[in-house]
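This report walks through one protein model, moving from a single residue and its surroundings to strands, charged pairs and the whole chain. Please keep the sequence and the structure in view while reading.

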Amino acid sequence: MESDALVGGKRRGYRRWLRVTLFLAVLPVGLFLLGNLFLTCPWSCRWLAAKIEHRTGLQTHIGGLTLSPWNGAAVHDLELLQPAELRAELKEPLARIHTIRLTPVWRAWLHGRLEVRSIELDSPRLVMPLEMMAALVRPTPTTQPPAVAAVAAVTPASAVPPTAPTVTTPLATKPAAENPPPAPAPPPAPTAWLTLKNASFALVHAGSHKTLFEISKTTGMIPLAGGPARSTLTVGLIAAAEMPVITNLPANFDWKYPQLTLEPLNAEINGYTFAVAAKIANFSGLPLQIEFALPRQKPAPVAIPFNGQAAADGVVANARFVGLLLAPGTWQADFVAEAVAPTLRFPGSETKFDRASSITVLRHGVLACTDARLIGDDLSLLGNAALLADGRAAGAVRLVAAPETAAAIASRIFPIIHSAPSLTPLGTPQRSAFDLQAFGNLNQLFLRLGKDGPIVALKP
């Protein structure tokens, strides 16, 4: 009897341990199934959408969420709608992503650290209205200085032009022997990647429903963190004013913490060859620098209004952009262009000039052409213009020539001037100026034709 009781107790103990073991084995699977059931329900999608709306201020829709040990976490059919004031003019969402897939570092997640090994964006599309971009570019008093300081901190001295300020550091005051030995280098970390599949970006003018600039069919991988790496991203199409400009452009990236570098790439647009290079640092705000160079080359003749044609012996241009990518108010840019011996040809006439040049800058949310000139012996054109972040614009163009020549050109360009054009006298009677003034905003511009001439409306 006693032995039967012991055997029965042992059997009950085995069954108890078997049930505990099965429960522990099934628990992760059950939690996984319940977790995915929770993620796929509409309530969880609305909860995450509300979190995103709170951070961005934009109405957000999410189609679904999934989580698995092998595929990571995924957000499906994410949409961020345009700001409410632009939604009536622009129906396409500000951002639409078919799938965002995150591959977590599970060990870090178990310890409460949200580390990600890779991010994959399937068919992301960003449609940025020019009106929204203008609002973002408006600076605040506290956003301007960090851009220069942050970019200078990550810019190698060899990349800074001679006219740029240099940053120096004080020498150590202690002898080298007293300095502590350098800390051992940390072990190399796996590279974290951003994968893009069929990505696109469009800059549009909501008021006119026109696409000003677009990058589409972009696919490839970009290293973001961890150990050094190199990669290639292929841009399928770049278009300006809805006209294709570049197709199948490969971009090579080099990652070495904390800087991602776009290696100089050479491309061609309408027969013009140019080079572009860029770098961005993994610091707060993401300091960004872009360099553009158009080496001197002879351009093909270009058609201009009134059956005219413009030509030159050579053109050259350089541009530079710096700022914090996530703080548009810090953006600064310079663009300088020059043409050698330009010529304007019209039916029955030809005018040669010595040179042409322009200087354009972006500062404090204002895009300004501070100086543009076309200088010749018999005819010269001088001008400047500015575009404010709120859309207001103003500009002035002065045509300097002999009085009869200036009047003839003004009458031909603006046939609505029925009387003699209003000219501005200069210091010598052999020269007069026809002044053209523009003012208004991006949706409605007005032109004053001559010093005391009529004002006409111009629809851009």
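Two residues are said to be in contact when heavy atoms of theirs lie within 4.5 Å. The model described here is predicted, and the values below were computed from it.

**One residue and its surroundings**

With that definition in hand, T424 can be examined: apart from its neighbours within four places in sequence, T424 is in contact with R398, S432, A433, D435 and K451. One of these residues, D435, also takes part in a polar contact, in which its side chain meets the side chain of T424 at 2.7 Å. T424 belongs to strand β24, which covers residues 424-425. Is T424 buried or exposed? Its relative accessible area is 10%, and because buried means under 20%, T424 counts as buried.

A contrasting setting is offered by I455, a residue of strand β27 (residues 455-458), which is partly exposed with a relative accessible area of 43%. Together with F439 and F446, I455 forms a nonpolar patch on the surface, and the accessible area of these residues together is about 240 Å².

**Strands that pair**

Strand β8 (residues 210-225) and strand β9 (residues 229-240) run antiparallel and are joined by 7 bridges. Within this pairing, I215 has I238 in β9 as its bridge partner. The two strands form a hairpin with 3 residues between them, and G226 in the turn has a positive phi of about 85 degrees.

Strand β9 also pairs with strand β10 (residues 243-256), again in an antiparallel way, through 11 bridges. Here the bridge partner of R230 is D254 in β10. β9 and β10 form a hairpin as well, with 2 residues between them, and A241 in the turn has a positive phi of about 50 degrees.

**Charged pairs**

Side chains of opposite charge can pair when their charged atoms come close. How many salt bridges does the count come to? The count is 12 salt bridges, and the table lists some of them.

| Pair | Closest N and O atoms |
|---|---|
| E263 and R230 | 2.6 Å |
| D334 and R363 | 3.0 Å |
| R345 and E350 | 2.7 Å |

R230, already met as a bridge partner in the strand pairing, forms a salt bridge with E263. This pair links distant parts of the chain, since E263 lies in strand β11 (residues 259-269) and R230 in strand β9, 33 residues apart. E263 counts as partly exposed at 22% relative accessibility, whereas R230, at 54%, counts as exposed.

The salt bridge between D334 and R363 likewise links distant parts of the chain: D334 is in strand β17 (residues 332-340) and R363 is in strand β20 (residues 355-363), 29 residues apart. D334 is partly exposed at 31%, and R363 is partly exposed at 29%.

In the pair of R345 and E350, R345 counts as partly exposed at 32% relative accessibility, and E350 counts as partly exposed at 44%. Salt bridges that share partners also join E92, R125 and E214 into one network.

**The protein overall**

The protein contains 7 helices and 27 strands. Of its 460 residues, 34% are buried. Among contacts between residues at least 6 apart in sequence, 45% join residues at least 24 apart. The accessible surface of the protein comes to about 28100 Å², and 65% of this surface belongs to carbon and sulfur atoms.

Terms used. Residues are numbered from 1 along each chain as its sequence is written. This is a predicted model: local features need pLDDT of at least 70, side-chain atom pairs count only at pLDDT 80 or more; totals for chains, interfaces and linings use all residues. Side-chain values use heavy atoms; hydrogens and water are left out. Patches are made of residues with over 30% relative accessible area and no salt bridge: like charges are joined within 9 Å, nonpolar side chains (Val, Leu, Ile, Met, Phe, Trp, Tyr) within 5 Å. Accessible areas come from the Shrake-Rupley method with a 1.4 Å probe; for residues, only the protein chains shown count as cover. A salt bridge is a side-chain nitrogen of Lys or Arg within 4 Å of a carboxyl oxygen of Asp or Glu. Helices (H or I, at least four residues) and strands (E, at least two) are DSSP runs, numbered from the N terminus. Buried means under 20% relative accessible area, exposed over 50%, partly exposed in between (1.4 Å probe, protein chains only). A polar contact is a pair of N or O atoms within 3.5 Å; within protein, one must be able to donate a hydrogen and the other to accept it, and residues adjacent in sequence count only if both atoms are side-chain atoms. Two strands pair if DSSP finds at least two bridges between them.
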